[in-house]
Amino acid sequence: MARVKKIKRTTSYVTLRSQKLSKGRESLYLDIYKDGDRHYEFLKLYLVPVVNEATKVQNQNTKQAAEAIRSERELQVIQGKGNLVPVSGSKILLTDWMEQYRKQKLRTGQSEERANSVAKVITHLKTYAGEKVALGKVDEKFCKGFIDYLATAKVGRETKNCGKLSGTTANNYFQVFTSALNEAVRKKLIPLNPVQYISRDDKKQIKAEKKTRTFLTIDEVKKLMETDCKNTMVKSAFLFSCFTGLRVSDIRNFKWSDIIERDGEKFISIIIQKTREPLIIKLNKQAERLLPEKGQMAEVFQLPRMESTINDNLKRWGKKAGIEKDICYHMSRHTFATMGLTMGADLYVISKLMGHSEVGVTQVYADIINKKREEAVDLLDSAFK
């Protein structure tokens with residue numbers, strides 16, 4: 001989600017804010033906060049990119065109109081008058097939106113496991129706050145309360161059977177909840193995600209255990225290339241992701257029409273399923289060799305519907321190749337990052353190729369490579385003891 005830009009704050013209750021849209025436009029809205037209760041109001045006023053004196057004057061007039069509305073709302077809040085919550089998202093129940101989000105995950109080809117995680121979050125939200133909370137009413141206080149709930153929530157379908165959720169599971173559920181709110185922002189149901197107001201200290205009680213990103217070495221990738229797999233399409237798709245960094249959800253939606261040519265070279269031009277952001281990457285020769293023959297189907301790779309079936313094929317294939325690691329599809333993405341950095345690619349470039357919004361997300365792979373290099377140096381010491 002784009003960083004929310006604060007335009008002006010001259011009062012205690014109503015703040016004029018803007019959010020970046022596509023093509024350099026910005027949408028103006030009011031952030032109304034009083035006595036711990038936060039609401040938003042879309043003004044349907046927009047700032048445009050300044051390209052000449054006329055657009056500069058237009059933006060000035062728009063800001064003046066927005067400031068006049070802000071002043072009026074400020075007075076209404078002080079006097080306790082008027083309906084201050086004309087937010088479209090307030091008409092949609094949170095649990096209904098979460099169910100829409102779950103179905104969207106299935107439609108866009110993401111794993112059923114991911115959709116099941118959303119379903120579990122819905123169950124926990126119902127236990128935490130019931131089914132009558134409007135999406136537009138979800139604020140910082142609600143989010144903090146949900147964190148407190150997850151910190152002590154029970155495992156089990158009805159959230160009351162077994163022991164307490166692990167920190168990792170609780171953290172994953174909150175991340176799913178956060179992603180659903182981000183999607184609501186993208187669909188303009190709410191102006192911003194209130195989770196951005198949550199500090200790291202607030203999240204400490206559901207801190208996830210540190211993850212280890214398992215990846216394949218270049219030699220292991222070569223072994224897989226030389227080994228037959230029962231499902232040849234799974235083999236081709238997995239190796240294709242090792243050389244492109246595409247997620248399984250993007251591979252499922254990857255169409256022949258997404259391959260474009262420029263100056264004699266081929267590129268992949270897609271919309272990333274997870275973030276809905278555009279991505280253009282060059283199709284290297286290794287990846288190009290892995291493309292199946294073009295048939296009647298629009299999709300390039302025809303994969304099994306269940307991700308668990310894909311991973312079962314990958315595990316058996318890995319063992320056949322003499323690789324001890326339990327291979328899953330997402331490992332291809334880790335492999336793409338570490339292979340690129342091992343061969344000397346720039347961290348920023350790898351970050352962009354993977355569709356990361358921040359370089360810091362990619363930094364973990366650089367840390368892995370640096371650690372392996374340090375271990376290699378230490379091996380020299382042990383060899384001469």
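About 30 Å³ of space lies in the largest cavity of this protein, and that is a good place to begin our walk through what is a predicted model. A search of the whole structure finds 1 cavity of 30 Å³ or more. Who lines this space? The lining consists of Tyr-40, Leu-135, Gly-136, Val-138, Leu-181, Ile-190, Leu-192 and Pro-194. Sorted by class, these residues come out as 7 nonpolar, 1 polar and no charged.

Let us step back for a moment to take in the whole chain. The protein has 385 residues, and 44% of them count as buried. Its secondary structure comprises 14 helices and 7 strands. As for how the chain folds back on itself, take the contacts between residues at least 6 apart in sequence: 59% of these join residues at least 24 apart.

Now to a space that is open rather than closed. The second largest pocket has a volume of about 430 Å³. It is lined by 19 residues, and those closest to its centre are Phe-243, Asn-284, Phe-336, Met-339 and Gly-340. Which elements build this lining? At least two residues each come from helix H7 (218-225), helix H8 (232-244), strand E7 (278-282), helix H12 (331-342) and helix H13 (347-353). Helix H7 gives the largest share, with 4 residues. In terms of chemistry, the lining of this pocket divides into 13 nonpolar, 4 polar and 2 charged residues.

Helix H7 also leads us to the charged pairs. The side chains of Lys-325 and Glu-220 form a salt bridge, with an N to O distance of 2.8 Å. Because Glu-220 sits in helix H7 and Lys-325 in the loop between helix H11 (307-320) and H12, this pair ties together parts that are 105 residues apart in sequence. The two partners also differ in how much of them can be reached from outside. Glu-220 has 16% relative accessibility, so it counts as buried, whereas Lys-325, at 26%, counts as partly exposed. The cut-off behind these words is 20% relative accessible area, under which a residue is called buried.

How many salt bridges are there in total? The count comes to 13. Another of them is found in the strands, where the side chains of Asp-31 and Arg-17 meet at 2.9 Å, N to O. Asp-31 lies in strand E3 (residues 26-34) and Arg-17 in strand E2, so here the bridge ties together parts that are 14 residues apart in sequence. Strand E2 itself covers residues 14-20. The side chains of Arg-17 and Asp-31 are also joined by a polar contact of 2.9 Å. Are these two residues buried or exposed? Both Asp-31 and Arg-17 are buried; for Arg-17 the relative accessibility is 13%.

Glu-183 and Lys-187 offer a further example, their side chains meeting in a salt bridge of 3.8 Å, N to O. Glu-183 counts as buried because its relative accessibility is 6%, while Lys-187 is partly exposed, with a relative accessible area of 44%. Salt bridges can also be chained together: Glu-140, Lys-144 and Asp-202 are linked in a network of them.

Two loop residues round off the tour. Thr-227 is in the loop between H7 and H8, two helices that each supply at least two residues to the lining of the second largest pocket. With a relative accessible area of 12%, Thr-227 is buried. Leaving aside residues up to four places away in sequence, Thr-227 touches Lys-235, Trp-317, Lys-320 and Ala-321.

The other loop residue is Val-300, found between helix H10 (285-289) and H11. Its relative accessible area is 3%, so Val-300 is buried. What does Val-300 touch, not counting residues up to four places away in sequence? Its contacts are Met-233, Phe-254, Lys-255, Trp-256, Leu-291 and Pro-292. One of these, Trp-256, is 44 residues from Val-300 along the chain, and the C-alpha atoms of the two are separated by 5.7 Å.

Definitions and conventions
Residues numbered from 1 in each chain as written. Predicted model: local features only at pLDDT ≥ 70, side-chain atom pairs only at ≥ 80, totals over all residues. Heavy atoms only, no water. 1 Å grid on protein atoms, 1.4 Å probe; cavity = no way out; pocket = protein on both sides within 12 Å on 5 of 7 lines; lining within 4 Å. Points joined across faces, edges and corners; volume = space filled by probe spheres on them. Nonpolar A, V, L, I, M, F, W, Y, C, P; charged D, E, K, R; others polar. Buried < 20%, exposed > 50% of the residue type's maximum accessible area, 1.4 Å probe, protein only. Polar contact = N/O pair within 3.5 Å; in protein donor to acceptor, adjacent residues only side chain to side chain. Salt bridge = Lys/Arg side-chain N within 4 Å of Asp/Glu carboxyl O. Contact = heavy atoms within 4.5 Å.
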